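Look at the sequence and the structure below. The paragraphs that follow go through the sheet, the nonpolar cores and the salt bridges.

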Amino acid sequence: MSIRVGIVGISGFGGGEALRLIASHPVFELVYAAGESSAGSRLVDRFPGVPARLAELVIAKWDPETLPPLDVLFASLPTGASAAALARVPKAVKIVDLGGDHRSAEGWAYGLADIWPNRIEGQTRVANPGCFPAATLTALAPLLADKLIEPGNIVIDVKTGISGAGRGGDSTFGYAESNENLVPYGLLRHVHMPEIARTIETLSGGSAAGLVFTPHLVPMTRGILATIYCRGSATTGQCLEAARRFYAGRSFIRVTDKPPQTKWATGSNLAFVSYAADPERNLVIAMGVVDNLGKGAAGQAVQNANLICGLPETAGLDGMPVWP
């Protein structure tokens, strides 16, 4: 069996990571690649290490009216660039949107694959979560579901590698500006805040009022570490046990006794979560780690595509992280 897939935005970091995963997928067959600035190039011109069978595939100029026969389309486009175009893709083509245009759109399933896989199975339109929600919500979900923390006044402090800005980022994300530097950004109104708040409320049944979310750019290529401060009287053991129950049987979530590190997830679809609590201070610290291009983007997108195609979730995704 072969499932015909395409990637739009293939020359970006998210699209390139999707290419890497699909190239070794046991069922997905890449038959279409599209972009803007890269249109007309062969895949091998943009990705010299691409497998020989894909080397001569020519990157098309993105046009939903001229798609070849496809089963699944991965869209890795900047937020704001996909809604109108993807609305013109034939209904028979399943879509996983890595961008932000459809995360609260009617008719699109929100693709938190490890938390709500049953909401994704059999769907034809899936909106991939943002990279920061992938790290934070994975850590928070068990605590919110078991009501071990209050849903309000959560403080999220996140460190991210520079690839999260995308390949088209401006010069502030270049080596000279990022090396030996630590930069907070998106203060008080980051685009992922509404997505995180909505999901906190859905998981808890309460209000996410008072949510604080501050990301920081750190001089590494890949990885996200979310450190999350919550109010609750649970112990560390209770938090860890809740997470182990919540994620029992889930292939990509690792609950660890010690604080996770970004390097543990590099190049993988894994998410690591851990907790530290002080009941006397009514304090719970949740920690989540993902690769922003893996679980935070293309890895979860492939996981979602597996779910909507009726394949094992782990298909094409069970490789180990890169170490060191």
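Two strands are said to pair if DSSP finds at least two bridges between them. This is a predicted model, and in it an open sheet of seven strands follows the order β3-β2-β1-β4-β5-β7-β6, with parallel pairing. The edge strands, β3 (60-61) and β6 (109-110), each pair on one side only. Inside the sheet, β5 (residues 94-97) and β7 (residues 125-127) are joined in the parallel sense over three bridges. Ile95 stands opposite Arg125 of β7.

Helices pack against these strands. Helix α1 (residues 13-23) lies across β1 (3-8), β2 (28-35) and β4 (72-75), and runs at about 160° to β1. Helix α8 (residues 294-308) also packs on the sheet. The strands that α8 touches are β2, β4, β5 and β7, and its direction makes about 155° with that of β5.

Next come the nonpolar cores. In soluble globular proteins, nonpolar side chains tend to be buried together. The largest nonpolar core here has 44 residues, and the members touching the most others are Leu140, Ile154, Ile200 and Ile228. Among the elements that give two or more residues to this core are the helices α4 (131-145), α6 (193-204) and α7 (236-246). Strands contribute as well, including β8 (155-160), β11 (224-231), β13 (271-278) and β14 (283-290). With nine residues, α4 gives the most to the core. What does Ile228 touch, not counting residues up to four places away in sequence? Its contacts are Thr136, Ala139, Leu140, Ile154, Val155, Ile156, Val284, Ile285 and Ala286. A second core, separate from this one, has 42 residues, including Leu43, Phe47, Ala298 and Leu311.

The charged side chains form another set of links, with 16 salt bridges found in the whole structure. One of these salt bridges is between Glu195 and Arg103, whose closest N and O atoms are 3.5 Å apart. Glu195 belongs to helix α6 and Arg103 to the loop between β5 and β6, so this pair ties together parts that are 92 residues apart in sequence. Are the two partners buried or exposed? Glu195 counts as buried because its relative accessibility is 4%. Arg103 is also buried, with a relative accessible area of 13%.

The loop between β5 and β6 also holds Ser104. Ser104 is exposed, having a relative accessible area of 57%. From Ser104 to Ser76 the distance is 17 Å, C-alpha to C-alpha, and the two are 28 residues apart in sequence.

Helix α7 takes part in further salt bridges. Within it, Arg245 and Glu241 are four residues apart, and therefore separated by about one helical turn. Their closest N and O atoms are 3.8 Å apart. Arg245 is partly exposed at 48% relative accessibility, and Glu241 is partly exposed with a relative accessible area of 39%. Arg244 forms a salt bridge with Asp257, where the closest N and O atoms are 2.9 Å apart. This pair links distant parts of the chain, since Arg244 is in helix α7 and Asp257 is in the loop between β12 and β13, 13 residues apart. Asp257 counts as exposed at 60% relative accessibility, whereas Arg244 is partly exposed with a relative accessible area of 36%.

Finally, some salt bridges join into a network, which links Glu17, Arg20, Arg222 and Asp291.

Key: Residues are numbered from 1 along each chain as its sequence is written. This is a predicted model: local features need pLDDT of at least 70, side-chain atom pairs count only at pLDDT 80 or more; totals for chains, interfaces and linings use all residues. Side-chain values use heavy atoms; hydrogens and water are left out. A nonpolar core is a set of buried Ala, Val, Leu, Ile, Met, Phe, Trp, Tyr and Cys residues joined through side-chain atoms within 4.5 Å. Buried means under 20% relative accessible area, exposed over 50%, partly exposed in between (1.4 Å probe, protein chains only). Contact means heavy atoms within 4.5 Å. Axes are lines fitted to C-alpha atoms, for helices over the stretch in contact, and angles run from 0 to 180 degrees between N-to-C directions. A salt bridge is a side-chain nitrogen of Lys or Arg within 4 Å of a carboxyl oxygen of Asp or Glu.
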